[in-house]
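Notebook open, coffee poured. I want to look up how some helices pack here and what lines the empty spaces.

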Amino acid sequence: MAEQNCLVTNDWICGEYLRSRSQELTDATVQHIGITVVSVLIGLAVALPLALLARRGRRFAGPVLGLTTVLYTVPSLAMFSLLLPVFGLSAALVVTGLVLYSLTILVRNILAGLEAVPEEARDAARGMGYGPGRLLWEVELPLALPAVMAGLRIATVSTVALTTVGSLVGKGGLGNLIEDALPSFFKAQVLAASVLCVLLAVAADLLLLGLQRLLTPWTRISGTSRTPGTDRDRRTDPDGPGGPAGLPAPAKVEAG
């Protein structure tokens, strides 16, 4: 009886709410995921050429990094207001704002990953006849993946949270439920939408972490094969941290 009346008593935890509003929760979650995925993918597609441009020299790096940083400091309400005349009250308005917010994280991490690629690896690839395009896609980006994926994880979790702001124009996924519940302080709806948002962020981070480990197997080999504080630490990773050659060397046999 108490569980059936939890909607009337406005309890925080209410099973009746979850049962009666399951379709509403599902629709909001699907919209939230869709907006987040599209925003992050577009942000990644835009951030890569910007990072490549910034890598060309200080005269490019300054404006690119400065612009993306300034965009990140613009309040979401002001950002959506500036974009409203162009996109109207649509999902494109929210996606564009989220893409602009993600650039400061993605551009910096892609740039950091590319700059961390050993020059010896580039020289070896050029010696094998690799052109600039092939060098980028087959050598530099694979070696920069740990930094790129780290930035992608941060940007994704941040975008999951910022998507709720899209409720200002009715395109905020779970944020719509939170905004609708605030005037009457509908506790069960506020809690359910908030918990689902947190779970989405955690699930996205774990998914990307698994993808990162799948795409960078040499980091797992290097990390698990080393024994800190012994000579084995130096023998098992001849190419240094993060290198693909993390195989253990034969054990040294001592006489006597």
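I started where H3 meets H9: Glu24, Leu25, Ala28, Thr29, Gln31 and His32 of H3 touch Leu174, Gly175, Asn176 and Leu177 of H9, with contact meaning heavy atoms within 4.5 Å. The model is predicted, so I note that local features need pLDDT of at least 70, side-chain atom pairs count only at pLDDT 80 or more, and totals for chains, interfaces and linings use all residues. Numbering runs from 1 along each chain as its sequence is written, and side-chain values use heavy atoms, with hydrogens and water left out.

**Entry: H3 and H9.** I sorted this contact by class and got 4 nonpolar, 5 polar and 1 charged residues. For the classes, Ala, Val, Leu, Ile, Met, Phe, Trp, Tyr, Cys and Pro are nonpolar, Asp, Glu, Lys and Arg are charged, and the others, Gly among them, are polar. Then I looked up the geometry: H3 and helix H9 (residues 174-181) pack at about 130 degrees, with axes 7 Å apart. Axes are lines fitted to C-alpha atoms, for helices over the stretch in contact, and angles run from 0 to 180 degrees between N-to-C directions. The helices are DSSP runs (H or I, at least four residues), numbered from the N terminus. H3 is therefore oblique to H9; under 35 degrees would be roughly parallel, over 145 roughly antiparallel, 65 to 115 roughly perpendicular, and the rest is oblique.

**Entry: H3 and H6.** How far apart are the axes of H3 and H6? I find 7 Å, at an angle of about 45 degrees, and this pair is therefore oblique. H3 passes H6 in a right-handed crossing, that is, the near helix is turned clockwise from the far one by less than a right angle (anticlockwise would be left-handed). I count 22 nonpolar, 3 polar and no charged residues in the contact of H3 with H6.

**Entry: H5 and H6.** Helix H5 (residues 76-87) packs on helix H6 (residues 91-115) at about 130 degrees, with the axes 9 Å apart. The two are therefore oblique to each other, and their crossing is right-handed. From H5 I noted Ser76, Met79, Phe80, Leu83, Leu84 and Phe87, and from H6 Ala92, Leu93, Val94, Thr96, Gly97, Leu100 and Tyr101. The residues of this contact are 10 nonpolar, 3 polar and no charged.

**Entry: the cavity.** On to enclosed space, using a 1 Å grid over the protein atoms alone: a cavity is a set of points where a 1.4 Å probe fits but cannot get out, a pocket is an open set with protein on both sides within 12 Å along at least five of seven lines, and lining residues have an atom within 4 Å of a point. I found 1 cavity of 30 Å³ or more, and the largest has a volume of about 30 Å³. Its lining is Tyr72, Leu98, Tyr101, Ser102, Ile105, Ser158, Thr159 and Leu162. H6 and helix H8 (132-162) are the elements giving two or more residues to this lining, and H6 gives the most, with 4 residues. By class the cavity lining has 5 nonpolar, 3 polar and no charged residues.

**Entry: the pocket.** Which element gives the most to the lining of the largest pocket? First, the space: about 300 Å³ lies in the largest pocket. Of its 14 lining residues, Thr36, Val37, Thr156, Ala204 and Leu207 are the closest to the centre. Helix H3 (22-54), H8 and helix H10 (187-215) each give two or more, and H3 gives the most, with 6 residues. I make the pocket lining 11 nonpolar, 3 polar and no charged.

How values were computed. Points joined across faces, edges and corners; volume = space filled by probe spheres on them.
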